[in-house]
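Open the model in your viewer and keep the sequence panel beside it. This tour goes from one selection to the next and says what is found at each stop.

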Amino acid sequence: GDFPQAQEFQTRCKELEQLNQNARNVAVANYNLGFLALGMGSYSDAAGLLSEALQEFESAGNDRESAFALNSLARCCIVSGDLDTANQYSERALAIRRKLLDGKCVADSLRTSAWAALEAERDSAAMDQLKEAIGLARGVDDSRGVSEALDLFALTVARRSEERRVG
């Protein structure tokens, strides 16, 4: 939970990897710094670092890590309110992860897509994605993934109940 300390360590890692001319690890450091910035609520910093990492991963032809960057960029866009861009990023991440046959990561991307759908009040789409995400997460024994999906599922159901009461 000590984001500033983690940021300091990760910045030092990036500097060392730059000195070693290790492009892949510099990209990973940029991703990690972007992820930390997202956690600290610095969304423009997060978007910049995650975009830089994405470009570096794509240049290296690293699909798996590109999908991580895309999924995190989608989350950054969701919390920033840019749901159209969030959908574009999450769809790209999901497509890559499905191609790689990585059930745990597919479930993660489905949760991100469902969150974007929920924020855009597309509850039906969110429910469908969450059902698939729960099934995949259970299949790979990912209890955290199941829990996150159930949290979003509960939010969707609660909102539907609230709309019925108000309507």
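Start by selecting L101, which is exposed, with a relative accessible area of 76%; exposed means over 50%, buried under 20% and partly exposed in between, with a 1.4 Å probe and protein chains only. L101 sits in the loop between α5 and α6. Helices here are DSSP runs of H or I with at least four residues, strands are runs of E with at least two, and both are numbered from the N terminus. Show the backbone: L101 has a positive phi of about 55° although it is not a glycine. Most residues other than glycine have a negative phi.

Before the next stop, note that this is a predicted model, in which local features need pLDDT of at least 70 and side-chain atom pairs count only at pLDDT 80 or more, while totals for chains, interfaces and linings use all residues. Residues are numbered from 1 along each chain as its sequence is written, and side-chain values use heavy atoms, with hydrogens and water left out.

**A second loop**

Select Q21, in the loop between α1 (3-19) and α2. Its phi is near 55°, a positive value in a residue other than glycine. Q21 is exposed, at a relative accessible area of 70%.

**The largest pocket**

Now turn on a surface and look for the largest pocket, which holds about 470 Å³ of space. To find its centre, select Y31, F35, F68, S72 and D108, the closest to it of the 21 residues in the lining. A pocket is defined on a 1 Å grid over the protein atoms alone, as an open set of points where a 1.4 Å probe fits, with protein on both sides within 12 Å along at least five of seven lines; lining residues have an atom within 4 Å of a point. Grid points are joined across faces, edges and corners, and the volume is the space filled by probe spheres set on the points.

Colour the helices next. At least two lining residues come from each of α2 (23-39), α4 (63-80), α6 (103-119) and α8 (143-166). Which helix gives the most to the lining of the largest pocket? It is α4, with seven residues.

Colouring by class splits the lining into nine nonpolar, two polar and 10 charged residues. Ala, Val, Leu, Ile, Met, Phe, Trp, Tyr, Cys and Pro count as nonpolar, Asp, Glu, Lys and Arg as charged, and the others, Gly among them, as polar.

**Salt bridges around D108**

Keep D108 selected, and show its side chain. D108 is buried, with a relative accessible area of 15%. Its side chain meets that of R75 in a salt bridge (2.8 Å, N to O), that is, a side-chain nitrogen of Lys or Arg within 4 Å of a carboxyl oxygen of Asp or Glu. R75 lies in helix α4 and D108 in helix α6, so the pair ties together parts that are 33 residues apart in sequence. R75 counts as partly exposed, at 23% relative accessibility.

Add R97. The side chains of R97 and D108 also meet in a salt bridge (3.2 Å, N to O). This pair links helix α5, where R97 lies, to D108 in helix α6, 11 residues apart. Both R97 and D108 are buried.

Extend the selection to R75, R97, D108, R111, R144 and E148, which are linked in a network of salt bridges.

Then go back to R97 and show F68 with it. The charged end of R97 sits over the ring of F68, 4.6 Å from the ring centre; the criterion is NZ of Lys or CZ of Arg within 6 Å of the ring centre and within 35 degrees of the ring normal.

**Another salt bridge**

The structure holds 10 salt bridges. One of them joins the side chains of K99 and D63 (3.0 Å, N to O). K99 is in helix α5 (residues 83-100) and D63 in helix α4, 36 residues apart. K99 counts as exposed, at 57% relative accessibility, whereas D63 is partly exposed, at 32%.

**Two distances to draw**

Finish with the distance tool. Select T11 in helix α1, partly exposed at a relative accessible area of 30%. From T11 to E121 the distance is 38 Å, C-alpha to C-alpha, with their positions 110 residues apart in sequence.

Then take V157 in helix α8, partly exposed at 34%. The C-alpha atoms of V157 and E65 are separated by 33 Å, and the two are 92 residues apart along the chain.
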